[in-house]
Amino acid sequence: MTTDAYVGLGSNLDDPAIQLARAVSELAGLPGTTLVAQSPFYASRPVGPQDQPDFVNGAVWLRTRLPAHELLDHLQAIEHAHGRERLRHWGPRTLDLDLLLYGQESIRDPRLTVPHAELPDRDFVLQPLLDLNPGLTLPDGQSVARLRTLCADNQLRKLPPKAGT
């Protein structure tokens, strides 16, 4: 059985668009997983501390046989391979991979919260999800398109395709 999973990608260090493009390739190569689609990449102001570069964000749609926690383990291994260090909450990073949605499951445990807790408040997450699947809904039935209309503006700027591929 496969599950549709949506993963958010972010970076603001060490050539962020290249970090994301490499991560997309690595995600496509996960065992039991197929890359269905990749969103465009977007630049935006950082959330939290403003003394850091702007972020580049995007999302991918995966179809996977991996259980949610095993997928999370793979995401964290990819982050680690990209030199991810967790020095400051909402601080700069080479790569951030967030499991945003895992089918229509709601998961809440010490390691994983799905849907991602900040999803409704992040235009740089909602817009890439809409690019991937305009009819996407959360497990509670909320429309991602509606959430996007209610979300605060974070100065989202779509990057040209050559910057994100």
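# Exercises on a predicted model

The side chains of Arg157 and Asp54 meet in a salt bridge, with an N to O distance of 2.8 Å. The exercises below concern a predicted model, and each is followed by a worked solution.

## Exercise 1: Salt bridges

Determine which parts of the chain the pair Arg157 and Asp54 ties together, and then state whether the residues of two further salt bridges, Arg93 with Asp96 and Arg122 with Glu118, are buried or partly exposed.

**Solution.** Begin with the location of the partners: Arg157 lies in strand β8 (residues 157–158) and Asp54 in the loop between β3 and β4, so the pair ties together parts that are 103 residues apart in sequence. Next, consider exposure, for which buried means under 20% relative accessible area and exposed means over 50%. Arg157, at 35% relative accessibility, therefore counts as partly exposed, and Asp54, with a relative accessible area of 36%, is partly exposed as well.

Turn then to Arg93 and Asp96, whose side chains meet at 3.0 Å, N to O; here Arg93 is buried, and so is Asp96. Finally, the side chains of Arg122 and Glu118 meet at 3.3 Å, N to O. Because its relative accessible area is 11%, Arg122 is buried, whereas Glu118, at 29% relative accessibility, counts as partly exposed. The three pairs treated here are among the five salt bridges that the model contains.

## Exercise 2: The strands around β4

Work out which strands pair with β4, in what sense and over how many bridges, and give one residue pair for each pairing.

**Solution.** Take the partners of strand β4 (residues 55–64) in order along the chain. Strand β1 (residues 3–11) pairs with β4 in the antiparallel sense over nine bridges, and within this pairing Tyr6 has Trp61 as its bridge partner, while Asp4 has Arg63. Strand β2 (residues 33–38) also runs antiparallel to β4 and is joined to it by five bridges, one of the pairs being Leu35 with Leu62. Strand β3 (residues 42–44) pairs with β4 antiparallel over three bridges, and Tyr42 has Asn57 as its bridge partner there.

A further step extends the picture from β1, which also pairs with strand β5 (residues 96–102) in the antiparallel sense, over six bridges; in that pairing Gly8 stands opposite Asp98. As to burial, nine of the ten residues of β4 are buried, and eight of the nine residues of β1 are buried.

## Exercise 3: Helix α1

Check whether the end-to-end distance of helix α1 (residues 16–28) agrees or disagrees with the span expected at 1.5 Å a residue, and list the buried residues of α1.

**Solution.** The expected span is 1.5 Å times one less than the number of residues, so the 13 residues of α1 should span 18 Å; the C-alpha atoms at its ends are 18 Å apart, and the two values agree. The buried residues of α1 are Pro16, Ala17, Gln19, Leu20, Ala21, Ala23, Val24 and Leu27.

## Exercise 4: Nonpolar cores

Identify the members of the largest nonpolar core that touch the most other members, and describe which elements supply this core.

**Solution.** The largest nonpolar core has 25 residues, of which Val7, Leu9, Leu27, Leu71, Leu97 and Leu99 touch the most other members. At least two residues of this core come from each of β1, α1, β4, α2 (68–81) and β5, and α2 gives the most, with five residues. Leu9 can serve as an example: beyond its neighbours within four places in sequence, Leu9 is in contact with residues including Leu20, Ala23, Val24, Leu27, Val56, Val60 and Leu97. A second, separate core of 19 residues includes Leu100, Leu129, Leu147 and Leu156.

## Exercise 5: Ser11 at strand β1

Decide whether Ser11, in strand β1, is buried or exposed, and find which backbone oxygen lies 3.3 Å from a polar atom of its side chain.

**Solution.** Ser11 has a relative accessible area of 0% and is therefore buried. The backbone oxygen in question is that of Leu13. Setting aside residues up to four places away in sequence, Ser11 touches, among others, Asp54 and Arg93; as found in Exercise 1, Asp54 is a salt-bridge partner of Arg157, and Arg93 of Asp96.

Conventions
Residues numbered from 1 in each chain as written. Predicted model: local features only at pLDDT ≥ 70, side-chain atom pairs only at ≥ 80, totals over all residues. Heavy atoms only, no water. Buried < 20%, exposed > 50% of the residue type's maximum accessible area, 1.4 Å probe, protein only. Helix = DSSP H or I, 4+ residues; strand = E, 2+ residues; numbered from the N terminus. Pairing = 2+ DSSP bridges. Core = buried A, V, L, I, M, F, W, Y, C linked by side-chain atoms within 4.5 Å. Contact = heavy atoms within 4.5 Å. Polar contact = N/O pair within 3.5 Å; in protein donor to acceptor, adjacent residues only side chain to side chain. Salt bridge = Lys/Arg side-chain N within 4 Å of Asp/Glu carboxyl O.
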